[in-house]
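Visitor: I would like a close look at a single part of this model, followed through its surroundings in one connected account. Please take one residue as the starting point and work outward from there.

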Amino acid sequence: LRPLVLRDCRQLQARLQADLTRWDNQDVRSMLREDQQAVQLLRRLREQLDAVGAEMQEVEGVCGASDSDALPADERQVWLSVEWDRYGTPMRLFHNVETARTVWEMPEGAVRISDLYSLRADMERFVQKASVLA
């Protein structure tokens, strides 16, 4: 059971790392400039990921996990759902960091939407699973 939980933790950690890197993109930070709550939440999530990630490194050493353990690739495009409030009226937009494309409608096709709620939920799952390993 422990190796399965460790694998799940590593997958969540990789997904969170990639998503937080997307949210740290200069274009996205510019969109969030006025939303200090979102900026603070993203900072706290990054700090939490780093702290739990350091604990995971210790656990991986004990369990014998290695970087060669394959993580499944997610082929879907990732779009960030950003609430933009430049003129006092919040509007939702979707931004793809990899393509630098921004649209007002939900993107179609094989996509994954990352928003602040899903980031927080993924972090809670990651912390919960990591605590099982401690």
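**A buried asparagine and what surrounds it**

Guide: In this predicted model, Asn-96 has a relative accessible area of 2%, and because buried means under 20%, Asn-96 counts as buried. Asn-96 lies in strand S2, which covers residues 91–96. Leaving aside residues up to four places away in sequence, Asn-96 touches Gln-77, Val-78, Trp-79 and Arg-101. Gln-77, Val-78 and Trp-79 fall within the range of strand S1 (77–84), while Arg-101 falls within that of strand S3 (101–103).

The side chain of Asn-96 also has a partner in the backbone: one of its polar atoms lies 3.0 Å from the backbone nitrogen of Thr-99. Thr-99 is found in the loop between S2 and S3, and with a relative accessible area of 48% Thr-99 is partly exposed, whereas Asn-96 is buried. Thr-99 and Trp-79 are 20 residues apart in sequence, yet their C-alpha atoms are 9.8 Å apart in space. Ala-100 is found in the loop between S2 and S3 as well, and at 51% relative accessibility Ala-100 counts as exposed, because the cut-off for that class is over 50%. The backbone of Ala-100 deserves a look too, since its phi is near 60°, a positive value in a residue other than glycine.

From this loop the account can move to the chain as a whole. The chain has 4 helices and 4 strands, and read along the sequence they follow the pattern α-α-α-β-β-β-β-α. Buried residues make up 34% of the 134 residues in the chain. Among contacts with a separation of 6 or more, 70% are between residues 24 or more positions apart.

The strands next lead to the largest pocket, which holds about 480 Å³ of space. Of the 23 residues that line this pocket, Leu-32, Asp-35, Val-82, Glu-83 and Trp-84 are the closest to its centre. S2, the strand of Asn-96, is one of the elements that each supply at least two residues of the lining, together with H2, H3, S1 and H4. The largest share, 4 residues, comes from S1.

Leu-32 and Val-82 appear again in the largest nonpolar core. This core has 26 residues, and Leu-32 and Val-82 are among those that touch the most other members, along with Cys-9, Trp-23, Met-56, Leu-119 and Phe-126. Two or more residues of the core come from each of helix H1 (2–23), helix H2 (26–31), helix H3 (36–63), strand S1 and H4. Met-56 shows how separate stretches of sequence meet there: not counting residues up to four places away, Met-56 touches Leu-6, Cys-9, Phe-126, Ala-130 and Leu-133.

Leu-6 and Cys-9 are also among the buried residues of H1, a list that includes Arg-10, Asp-19 and Arg-22 beside Leu-12, Leu-16 and Trp-23. The length of H1 can be checked as well: at 1.5 Å a residue its 22 residues should span 32 Å, and the C-alpha atoms at its ends are 31 Å apart, which agrees.

Leu-12 and Leu-16 of H1 lead on to helix H4, because both are touched by Asp-122, as is Arg-15, and Asp-122 is buried, with a relative accessible area of 6%. Asp-122 is found in H4, which covers residues 116–133. Within that helix the side chain of Asp-122 makes a polar contact with the side chain of Arg-125, at 2.9 Å.

Further along H4 is Val-132, which at 56% relative accessibility counts as exposed. Val-132 touches Arg-2 and Val-5, not counting residues up to four places away in sequence. Val-132 and Val-5 are 127 residues apart in sequence but 8.0 Å apart in space, C-alpha to C-alpha. Ala-134 is found in the segment after H4 and is exposed, with a relative accessible area of 84%. Its C-alpha atom is 9.4 Å from that of Glu-58, across 76 residues of sequence.

Key: Residues numbered from 1 in each chain as written. Predicted model: local features only at pLDDT ≥ 70, side-chain atom pairs only at ≥ 80, totals over all residues. Heavy atoms only, no water. Buried < 20%, exposed > 50% of the residue type's maximum accessible area, 1.4 Å probe, protein only. Polar contact = N/O pair within 3.5 Å; in protein donor to acceptor, adjacent residues only side chain to side chain. Contact = heavy atoms within 4.5 Å. Core = buried A, V, L, I, M, F, W, Y, C linked by side-chain atoms within 4.5 Å. Expected span 1.5 Å × (residues − 1). 1 Å grid on protein atoms, 1.4 Å probe; cavity = no way out; pocket = protein on both sides within 12 Å on 5 of 7 lines; lining within 4 Å. Points joined across faces, edges and corners; volume = space filled by probe spheres on them.
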